There are 2 protein chains.
Amino acid sequence: MKLTLQPQPIQVEILIRRGLLHEEAIEVIRRLGKRVAVITHDNGVATHAKSLCQALQADLFTFSSGEEYKTRETKAKLEDQLLKAGFGRDTVIVAVGGGVVTDVAGFVAATYCRGVPLVLVPTSLLAMVDACLGGKTGVNMPKSKNFIGAIYQPHAILIDPEVLETQPLESYRDGLSEMIKHGMIWDAAILDWIEDHWEKLLQKDPGTLEKAISDSCQVKLTVVERDEKEEGLRRILNFGHTVGHGIESSLNYSISHGTAVAVGCLVEGYLSKIPEADLQRVLQLYQKLEIPLKLFLESSEEAILDLMKNDKKAVGGKARFVTLARLGSVEEHDGNYCRTFDKKELQHALRWCREAVYSIERIEHP
Amino acid sequence: MKLTLQPQPIQVEILIRRGLLHEEAIEVIRRLGKRVAVITHDNGVATHAKSLCQALQADLFTFSSGEEYKTRETKAKLEDQLLKAGFGRDTVIVAVGGGVVTDVAGFVAATYCRGVPLVLVPTSLLAMVDACLGGKTGVNMPKSKNFIGAIYQPHAILIDPEVLETQPLESYRDGLSEMIKHGMIWDAAILDWIEDHWEKLLQKDPGTLEKAISDSCQVKLTVVERDEKEEGLRRILNFGHTVGHGIESSLNYSISHGTAVAVGCLVEGYLSKIPEADLQRVLQLYQKLEIPLKLFLESSEEAILDLMKNDKKAVGGKARFVTLARLGSVEEHDGNYCRTFDKKELQHALRWCREAVYSIERIEHP
């Protein structure tokens with residue numbers, strides 16, 4: 001006997017527009033459910049959440065921000081509060097915040113009454129172009145990031161570049177780094193465009209941001225559309241991340257995710273054997289965007305090599321890497337998008353990158 | 001911008017065969033993952049789990065059985081144990097037990113590493129013909145059954161009627177009651193067949209059981225196939241349950257689920273205005289199967305009427321009921337399968353049923 005289910009197509013509406021949160025957002029959310037619960041973190045950025053709440057006459061639920069609060073306990077507390085406030089099947093959950101908030105609130109929505117409608121309102125550039133797209137939700141376990149979770153698509157993602165005005169430049173740059181990654185793996189035109197508009201990007205010019213966010217989202221959406229469950233193609237989004245995670249971890253997270261991924265993209269680009277001129281071009285782009293690559297110089301090569309073996313993609317204790325065919329395109333190996341390198345090759349790539357970053361630093365600060 | 005996902009069709013393999021657990025089961029499970037975790041409750045029935053574990057060289061994880069342990073805390077404990085034992089993405093979870101075990105272990109599988117393959121091995125008749133089919137998983141919250149959970153389909157359901165030999169007759173009858181419900185809402189031939197085979201069913205004759213379980217599963221599968229998310233048709237599986245839940249709750253669960261649903265099917269059959277001869281026929285079938293309907297006589301009509309208002313299907317404080325067009329077929333009302341009745345009608349139906357049960361008891365024990 002067999003049960004065959006053909007699930008309905010899933011549609012996620014993604015709106016990217018300045019000022020969106022003042023008007024359109026209200027309508028979109030109201031359409032989805034009778035009772036609205038806004039979930040956000042309890043620090044400054046919650047301003048956007050508060051005004052949304054007022055406009056929607058919604059209830060506000062908060063939790064402490066930071067990876068260390070991305071836990072089952074936080075999820076349980078939010079569920080208790082929702083249940084106590086009488087939220088039932090006709091609930092719509094609106095997550096307002098960065099990746100931690102959208103991951104936790106998304107996971108709450110995925111299992112509340114076996115799933116209620118979800119709307120994401122990312123407030124950091126990184127969440128806008130990466131975390132909020134693709135439906136990954138979850139919480140951390142000790143030493144295991146995002147270990148308990150679900151793939152659960154929101155009904156809508158509402159991106160208002162205006163909220164970035166208050167984002168600190170340091171974390172804002174993490175989003176810029178992820179944009180460059182999208183350019184490197186899928187669409188070299190993104191790199192050309194950023195080269196022409198980097199000053200306006202750093203100034204957070206709204207029109208420039210709308211275009212940049214939109215192009216970057218398009219890359220991730222295209223990839224997720226072809227492989228929602230990360231069985232193949234979606235792996236390419238991990239370009240730069242095998243090395244990046246190793247660096248982050250080796251420096252005990254004193255380097256930001258975006259900076260570590262920037263270095264990771266250079267190292268993995270080098271492993272890919274694309275022309276060095278292309279790598280120099282990317283390096284200069286990072287410099288223009290003031291991504292503090294030099295932090296990488298403080299890391300230990302041995303520690304990075306060792307930590308990469310624990311990467312999620314590792315098989316039999318050997319780290320695997322996404323590689324580029326050229327700028328704007330990844331390499332495929334028999335339907336697979338990951339390959340291994342031996343220790344010598346990895347050392348060589350890390351040393352090249354160290355030298356390259358060192359040289360550029362020397363030019364800037366002779 | 002829009003993200004459109006067309007999820008892959010989901011296939012659930014359902015094997016119903018005596019002795020299945022000794023051989024075929026091992027192969028089916030091995031195919032699904034490298035490391036096998038068997039989850040079961042820690043009372044007697046776990047024998048089946050233990051022998052499966054040995055054959056599969058799997059790890060065994062247990063929790064206390066009973067609705068009161070169907071909680072987020074139990075889920076978290078199981079996750080901690082799995083993580084500690086080093087289970088990762090290549091895990092397959094095998095749930096061996098009744099509905100509580102399949103609901104909790106299924107929910108663990110749904111969110112472990114964002115979802116790992118799941119195999120259900122139901123060990124009660126009710127779990128075989130009802131709980132294990134349809135993908136509902138979850139845990140209870142205070143006063144809210146199955147409030148946190150997911151719809152997550154197992155890869156395979158392995159039904160071995162042999163394991164029913166050790167099931168106590170009382171809970172075994174709960175499964176028989178659910179089979180009759182399936183006959184009433186979808187396939188009157190099931191009722192004819194049970195009328196011809198009730199003695200062998202009570203004796204748990206393996207061949208008879210294979211056929212009976214298979215027919216009953218087919219009804220639920222057909223309904224779930226057409227409406228996995230319970231947006232319409234799947235509601236009809238709640239026939240007998242609005243009244244049934246009211247009775248269970250009013251008697252503080254001193255009556256079994258199956259007995260309460262049996263009474264519920266009679267009352268809701270009466271509300272449907274199908275010929276009384278048909279209802280008498282069902283009543284006699286319950287008698288033959290020794291379902292202790294007389295427990296219903298101890299309940300309070302006012303309490304039942306009151307409790308039904310809290311039913312999940314209730315709208316605006318009015319209980320809603322699935323009704324029959326005739327034996328073997330439900331009524332549809334503009335794409336909806338539920339309707340309300342006024343208090344007088346409900347009282348009338350409950351009183352008719354009380355009288356009918358009382359009469360038949362008087363004949364049996366004059």
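Trainee: How far apart do the centres of the positive and negative side chains of chain A lie?

Mentor: In this predicted model, chain A carries 44 positive side chains alongside 51 negative ones. When a centre is taken for each of the two sets, the separation between them is 5 Å.

Trainee: Which radius of gyration does chain A have, set against that of a compact globule?

Mentor: The comparison starts from the length of the chain, because a compact globule of 366 residues would be expected to have a radius of gyration near 21 Å. The C-alpha atoms of chain A fill a box of roughly 60 × 55 × 35 Å along the principal axes. The value for chain A agrees with the globule rule, at 21 Å.

Trainee: What share of the residues of chain A count as buried?

Mentor: A residue counts as buried when its relative accessible area is under 20%, and the question is put to each of the 366 residues of chain A. The accessible surface that chain A presents comes to about 15100 Å², with 47% of it belonging to carbon and sulfur atoms. The buried share of the residues is 59%.

Trainee: Which three residues of chain B supply more of the area that it buries against chain A than any other three?

Mentor: The contact draws 50 residues from chain A and 49 residues from chain B. Between them the two chains bury about 4700 Å², and carbon and sulfur atoms account for 57% of that area. Of the part that chain B buries against chain A, 21% is supplied by B:Met1, B:Leu3 and B:Arg114.

Conventions
Residues numbered from 1 in each chain as written. Chains lettered and ligands numbered in written order. Predicted model: local features only at pLDDT ≥ 70, side-chain atom pairs only at ≥ 80, totals over all residues. Heavy atoms only, no water. Rg over C-alpha atoms; globule rule 2.2 N^0.38 Å. Buried < 20%, exposed > 50% of the residue type's maximum accessible area, 1.4 Å probe, protein only. Areas by Shrake-Rupley, 256 points an atom, 1.4 Å probe, with all protein chains shown as cover. Lys, Arg positive; Asp, Glu negative; His and termini not counted. Charge placed at Lys NZ, Arg CZ, Asp CG, Glu CD. Contact = heavy atoms within 4.5 Å. Buried area = accessible area lost by both parts, 1.4 Å probe.
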